[in-house]
Each structure stands twice: as C-alpha cells, then as structure tokens.
Amino acid sequence: MEKSNYYRNIPKVDIIIEDETIKNLSEKYNRDYVLQSVRKVTDDLRIFIKNSNSDDEIKNKIKNVISDIVSDVNKYAVPNMKKVINATGTILHTNLGRAVISDSTAEKVKKLVTGFSNLEYDLEEGKRGSRYSHFEEIITKITGAESAMAVNNNAAAVLLILSTFAKNKEVIVSRGELVEIGGSFRVPDVMAQSGGKLIEVGTTNKTHLFDYENNINEETAALLKVHTSNYRILGFTESVQLNELVELGKKYNIPVIEDIGSGVLVDLSKYGLTYEPTVQESVKAGVDIVCFSGDKLLGGPQAGIIVGKKSMIDKIKKNPLTRALRIDKFTAIALECVFHEYINENNAIKNVPVLKMINKSIEEISMESEKLYDRLNSIIGHLCELNIEDCESQIGGGSLPTEVLKSKCITIKSNTITTAALEKSLRLAAKPIVGRIVNEKLLLDLRTVFIDDIDDIVDTFREVFECL
Ligand SMILES: *Cc1c(COP(=O)(O)O)cnc(C)c1O
C-alpha cells in the first residue's frame, strides 16, 4: 500500500479520545496527561510509517494505537525506580544504590518522616535546635573526635572543608594521592572549586615528609591527606605516615585534613579482609579534620561525615555553603540509627547490611546457593545448564579495590537463548535481577542476594522462560 494511505489510517486525536478505553483512562488520570500520550504515540507512529518497509509491521502498529497509548500512560503512573536484586556479588554497587540500610533503620526513618519530628527543635528548651545535634554526640562517642557534622556526601564534605580553610590559600597534597573517584570527583577539581590552591608534592610512587615541609610557607592553609581508596600503588613506594604529618602540622601550626573515603569504624582484618585505616585511628593520630562517606563501608545513608576539632567544625558550620550542602531529615535519622549500631561492634557486624554481607560465611552462601539451585533446577533444569560454582565477590564503591571475597554462585547457560539475551531479559523483568556474564555464562553471586529474595528470583526466571 502507498505510505500516504497508512498516514490516513492513523486515527485522529478527537476520535481517539472518544474511545471507551481512553475515556476511562482520562477519568483516572489528568486529561492533559492522557492527551500527551495520545500525541506522542501518534507522532511516533508517523515516524514508524516513514521508516518501516514492512506493510505487516505498519498495519500491526496502527492496530495497536490504543494499547500503546495505555502503556505509555501507565509507564508514568508508577515510579520508575524499583527494587533490583543484586546478584553481582559487589556489595557497595554504586549503580544499584551503594550501601543497603537495615529494616530497623528504614522503619525508624519511615516513622519519623510520615509525621513531624524534632529535626531542628530543641525539646528541652522549647526553641530552635540543630539538625546536627541528634547524631553529633553518638558520632563523637564512637570516633573519639571532639565534634562532628554531616553534609550531603563526602565530595561535598571535602569541598566544604577546603572552602572553609583554604580559600585563596595553599593546600599541600602528595602526588600519589590526587585521587579520582567514579562520577567525576577529582581532588584537583574539588580544590579549584573551593578556591584553594593545590600544591602537589613528591612523585606518584614516593612522597617524603621533607616534600611537605619544603613547600610550607605563610600561604599554607592545610596539609591534606587523601586515602587512595580505589587504587593501590604497589612496589617501590613510600608515603608519609599520618602521625608524622600530624607532627609536621603541629610544628608549623598548620591543620592536617584527611579525606579517608570509606569511613570504616571496625578493624576489618578481624573479618578476613586487609586492614583498612579506621576513622578512630585518624582521630587518635591527631588529624584535625577527617571526612568520610556515609554509604560506603560505614553502611549508612548517602552523606559526608566530618569529624574533628571543635573549633574547626564550628567554623565549618558557619560557612554559608553548609546550608546549601545540608542533609535532609531522611539522612539525619538514618545516620543516627547507623551510628547507634556501632556502640557494640558485634551488633554492627550483625545488623549493618554492608558488614553482614562482608562477613557472610561461605557455609551460609553455599546453603543459599543450593536452595536457589534446587528451585531453579526444578523449573528450568531442562532448558539450561545449571551449576553451583566458586566465585569471588568484591567490596565495590571504590573501597578495598584489591580485595576479593570467596563466594558461591549459580551459573546458567541456556540451551535456547544467548547468555546476553538472558541477562537482558532478567534485568528487564518486573522484578529485575542483575548478574554478571563470565565465560559465556550468567553468574548469580549469592553473597549479595538476600534469602528473602529467592522467591522473587524464582518467579522472575519462571516469567522470563515462559516468555521465551
Ligand atoms: C568515595 C570517596 C569520595 C567521594 O565520596 P562520596 O560520598 O561518594 O561523595 C571522596 N574521597 C575519597 C577518598 C573517596 O573514597
């Protein structure tokens, strides 16, 4: 058929809106909103007719106008953000929301945000209070610092600290620590934004104390140490120990600032990982200001936590940027809850999901793998090659980059579709599952899967394979 005839077959907007289904839709949603979808679908149809060479495809598309409109309207009727099952084995998966918080923390958040709270109200005095007051004491108790506050994320914390102390002045940093974190956080760029001048000292692999000392002058505002969270320089290397840097700072009366990145509060070497410097250790070494992420190894909400000398934290709180970078009530409550877990380290290991996943035993992972294997085998065993195999999980989120944790996974190779197609169907499912492809097989690492998610995984596989 001539293309012009197809264009004529596209129903007119005023006809479409008289359609019973569309009328019902207009009663349920805003009429303008439905009209937008009507226009979008008919416009798309015109483009489709122009580009398609298949009569059947075009006829089919014209026939489906109403149902396409319904789908388009419904697409925006439910939130696009949804729960995803993380079967990648990466515990702090930045793309999947980084640190998972516990049910009990989420419950407390829910309780406080669905009503009013004393967020900025001092109940004792009956007047305005500070949103930082709720968690300041617990953070200082746990970290040993004099004072504490929190902003939106650690990148914001670094920006705020530098803008408070280093504006129009110089900050000395080792060339081995000019870190870039994913999502375009680069130490030199943050420094430039803060109005401070970066003085790079040493070389990529070696920086000595004299490199810092030789560059100190009356313009020096701070000595900055950045934890190289997401990479390691191995071999012929040397960096200045924290206590030496603190000594140097004291000698010249210059504050030492440390961006510790991950913000771990427990000695991870006790749980079979490489030792990662703790916040407490930096505070104890005498660092004036330490900042770290809330949603990395700490296992809390997205935040940048700043701890240190009271006089300096007070100055930061007065910086007008603090208002722009302030945390909201969701974060304030969650942060307080997470720090409470650390009053008792055993509690933290048991209740903070990030630590729980790090500490999840290979026996527990094996047991869950077998459970999932049996269930999957009973529904898709005849369609796939299914196995339980050893694998390695990662911490992720730019923390402990060289660390791997022994784990178990289910590997799947379908007899009917490619592994890439299977991976895609699983992530497009109503309850998406994200795994990894290794050696042409799909791999589901059970370390990051919750036992309660197994039913959903099975449902999704059933749905995906019945559609294939
Ligand atoms: C992750 C990280 C940051 C950025 O922290 P966000 O909370 O993601 O903003 C900054 N510095 C270091 C050393 C980091 O590891």
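Phe461 and Phe465 both belong to helix H21 (residues 454-467), where four residues, about one turn of the helix, set them apart. In this predicted model, the structure holds three aromatic pairs. Phe461 and Phe465 form one of them, a stacked pair with 6.2 Å centre to centre and 10 degrees between the planes. Phe461 has a relative accessible area of 0% and is buried; Phe465, at 9%, is buried as well. Another aromatic pair is formed by Tyr132 and Phe135, which meet edge-to-face, with 6.3 Å centre to centre and 80 degrees between the planes. Tyr132 counts as buried because its relative accessible area, 9%, is under 20%. Phe135 is buried too, with a relative accessible area of 0%.

In soluble globular proteins, nonpolar side chains tend to be buried together. The largest nonpolar core here has 88 residues, and those with the most contacts inside it are Ile306, Val307, Phe339 and Tyr342. Helix H9 (residues 154-165) provides the largest share of this core, seven residues. A separate core of 24 residues includes Ile412, Val449, Val458 and Val464. The surroundings of Val307 can be described further. With neighbours within four places in sequence left aside, Val307 is in contact with Ile139, Thr143, Ala145, Ser147, Ala148, Val279, Val283, Asp288, Ile289, Val290, Phe292 and Ile313.

Open and enclosed spaces were also examined. Rolling a probe the size of a water molecule over the atoms shows where empty space is left. The largest pocket has a volume of about 1400 Å³. Its lining comprises 46 residues, of which Ala99, Val100, Ile101, Met357 and Phe450 are the closest to the centre. At least two lining residues come from each of strand S1 (85-86), helix H7 (103-113), helix H16 (329-341), helix H17 (345-351), helix H18 (353-358) and helix H19 (362-380). Divided by class, the lining of the largest pocket contains 18 nonpolar, 14 polar and 14 charged residues.

The second largest pocket has a volume of about 810 Å³. Of the 33 residues that line this pocket, Glu177, Lys225, His227, Thr228 and Ser239 lie nearest its centre. Two or more residues of the lining are given by each of strand S10 (220-226), helix H12 (242-252) and helix H13 (279-285). The most comes from H13, with three residues. The lining of the second largest pocket consists of nine nonpolar, 16 polar and eight charged residues.

The structure holds one cavity of 30 Å³ or more. The space in the largest cavity is about 40 Å³. Ile101, Ser102, Thr105, Gly299, Val338, Glu341, Asn351, Val352 and Pro353 line this cavity. By class, these lining residues divide into four nonpolar, four polar and one charged. Ile101 thus appears in the lining of the largest cavity and also among the residues closest to the centre of the largest pocket.

Key:
Residues numbered from 1 in each chain as written. Predicted model: local features only at pLDDT ≥ 70, side-chain atom pairs only at ≥ 80, totals over all residues. Heavy atoms only, no water. 1 Å grid on protein atoms, 1.4 Å probe; cavity = no way out; pocket = protein on both sides within 12 Å on 5 of 7 lines; lining within 4 Å. Points joined across faces, edges and corners; volume = space filled by probe spheres on them. Nonpolar A, V, L, I, M, F, W, Y, C, P; charged D, E, K, R; others polar. Core = buried A, V, L, I, M, F, W, Y, C linked by side-chain atoms within 4.5 Å. Buried < 20%, exposed > 50% of the residue type's maximum accessible area, 1.4 Å probe, protein only. Contact = heavy atoms within 4.5 Å. Phe/Tyr/Trp six-rings, centres within 6.5 Å; stacked < 30°, edge-to-face > 60°.
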